[in-house]
Amino acid sequence: MTSPHTSEMIALKDVRFSYADRSILKGVNLTIKKGEIVAIMGGSGGGKTTLLGLISGRLKPQSGSVIVDGLDVPKLNKSNLYGLRRKIGMLFQFGALFTDLSVFDNIAFPYREQTNLPEDIIRSLVLLKLEAVGLRGAKDLKPAELSGGMARRVALARAVALDPAVMLYDEPFTGLDPISVGIIGRLIKRLNRALGMTSVIVTHDLNETLRLVDRVVVLSDGKIHRDMAPEQIRTTDDPFIRQFADGLPDGPVPFHYPGPDYLSEILGR
Amino acid sequence: MISQLAEFFQDLGHFVTSRIDRLGLAARFAGLLLLALGVSIRRASLIVREVYFSGVRSLSIVAVSGLFVGMVLAVQGYEVLQRYGSAESLGVIVALSLVRELGPVVTALLFAGRASSAVTAEIGLMRATEQLAAMDMMAVDPLSRVVAPRFLAAIVSMPLLAAIFSTAGVIGAWIIGVQLIGIDDGAFWSQMQANVDVRIDVLNGLLKSIVFGTAVGLISVFEGYFAAPTAEGIASATTRTVVISSLSVLLLDLVLTVMMFRGLS
Ligand SMILES: Nc1ncnc2c1ncn2[C@@H]1O[C@H](COP(=O)(O)OP(=O)(O)OP(=O)(O)O)[C@@H](O)[C@H]1O
Ligand SMILES: [Mg+2]
């Protein structure tokens, strides 16, 4: 469905979104080209997960447009939205594996639901994906028997099962040991190269991210504040980026959730 | 005083509107579920699996309860009937009570406690852990893949379980009446055969079960689907399923009984 003259995979124009009366995104403009790997960074609660929800059509913006693969996402009806989602993979922040299914059946799920492939071919495909994430030996385990890092890798294998054109990763590195971080990072890069995928990675892990991505986008106060290449990030003295790179608790990205003044609240006003 | 009164009416008004809101939500949900049924019915294997989980696992509790209820009915019924010298009508009395009333109603109450509460917890937890969201992201509709099969399973299981309850109850009454008290075996069965009407009694009982299955099934999936994604949220949704299902079954039973047996005597 992509028109040939454009290489844009994802385009957000002046997107605004709020939960009840709490404004989360206040006019986001972001264009991501086909095959690009883009990192989205920003403070906790800044609306990064929300942004992924908007791209995948799980949330609808109050205003602005969200175009993915040439389709106007918020305007799609259910069957067209599902058509688009067959081309989008999503790695959830907490894995979201089906707890009543084994590792094998979790990965087989998209094949069984979306294709008419015979069971022996599905078996080969599932084993292939499991091999890629290094967990072929764990195929009979239940999600409850996996460690956090293993669960994330299974979830990744399930998300890429149908070779999506777009992959959305919600904090793929959080809470993982350095080895798992490295494994997942390499997997993301390899999938991107092999399948020409477009990837959006929400992350806090600047070091791992810089090795992977083509661009880093910083979301702050509901807007895109910075949009730079990895090399620029390493050298910039932008206080915003330095706060992330050096792990400073407070700075331009506030550590505190908005609230009344601390002193007056503690003293009972 | 005035302000207290105002506050009372405010609370009352809030209570009423929140209930109506929830009823509206339930109606909308039922509509969406109805649309999802079409897709789900073609996936019979999913329904069979849920019938197994809900139905087969309730089987033993339903059979044992039926046996005990039948025995108690026999003891109570015999005590009254023998005063009028018609102890051999025991089979009829017990069978009618079971098929028309106790079979469908007690089965529905047991089902709400045993199976529906589990369905609510399961769906609530799947939602809280984003399993339903993940499914939705894979272009698989959770309503037709997860919710509808569980709803349909309740409708299918309920009449089958009620029939098992009633059968176990009749056997229980036979054990007490014929084996222990010594009522004539032939009279027990022949009177039952002669006086239990297929259309009036059996079909009406079946209809009740289907209605109860629909109500209990809908309540359990609704409460699970809209449970707050927390431990307390799921716990209270599970409790609500049992309470609301039980009350609905008793209320529906009253309405259905009045409609079915009005004009008969
Ligand atoms: N369902 C919801 N209802 C109301 N508010 C919500 C809901 N989901 C998220 N929010 C609010 O929206 C804001 C943005 O949430 P979001 O999950 O997008 O943040 P995030 O950038 O992904 O944060 P994190 O890095 O901690 O995952 C948060 O402040 C949160 O309180
Ligand atoms: Mg998030």
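**Exercise 1.** State the volume of the largest cavity in this predicted model, and find which residues lie closest to its centre.

*Solution.* The largest cavity has a volume of about 190 Å³. Its lining consists of 17 residues. Closest to the centre are A:Gly89, A:Met90, A:Arg158, A:Ala159 and B:Met138.

**Exercise 2.** Work out which helices and strands supply at least two residues each to the lining of the largest cavity, and what classes the lining residues belong to.

*Solution.* Start with chain A: strand S6 (88–91) and helix H5 (148–159) each supply at least two residues. Next, chain B: helix H4 (131–137) does so as well. S6(A) gives the most, with four residues. Finally, sort the lining by class: twelve residues are nonpolar, two are polar and three are charged.

**Exercise 3.** Explain where the largest cavity lies with respect to the two domains of chain A.

*Solution.* Domain 1 of chain A covers 8–87 + 164–266, and domain 2 covers 96–162. Both domains give residues to the lining, so the largest cavity lies between them.

**Exercise 4.** Count the cavities of 30 Å³ or more, then describe the lining of the second largest.

*Solution.* The count is two cavities. The second largest has a volume of about 30 Å³. Residues that line this cavity include B:Ser54, B:Phe111, B:Arg150 and B:Gly217. Helix H3 (90–128), helix H5 (142–181) and helix H7 (198–225) of chain B each supply at least two lining residues. H3(B) gives the most, with four residues. By class, the lining of the second largest cavity has four nonpolar residues, four polar and one charged.

Notes. Residues numbered from 1 in each chain as written. Chains lettered and ligands numbered in written order. Predicted model: local features only at pLDDT ≥ 70, side-chain atom pairs only at ≥ 80, totals over all residues. Heavy atoms only, no water. 1 Å grid on protein atoms, 1.4 Å probe; cavity = no way out; pocket = protein on both sides within 12 Å on 5 of 7 lines; lining within 4 Å. Points joined across faces, edges and corners; volume = space filled by probe spheres on them. Nonpolar A, V, L, I, M, F, W, Y, C, P; charged D, E, K, R; others polar. Domains from an automatic or database assignment.
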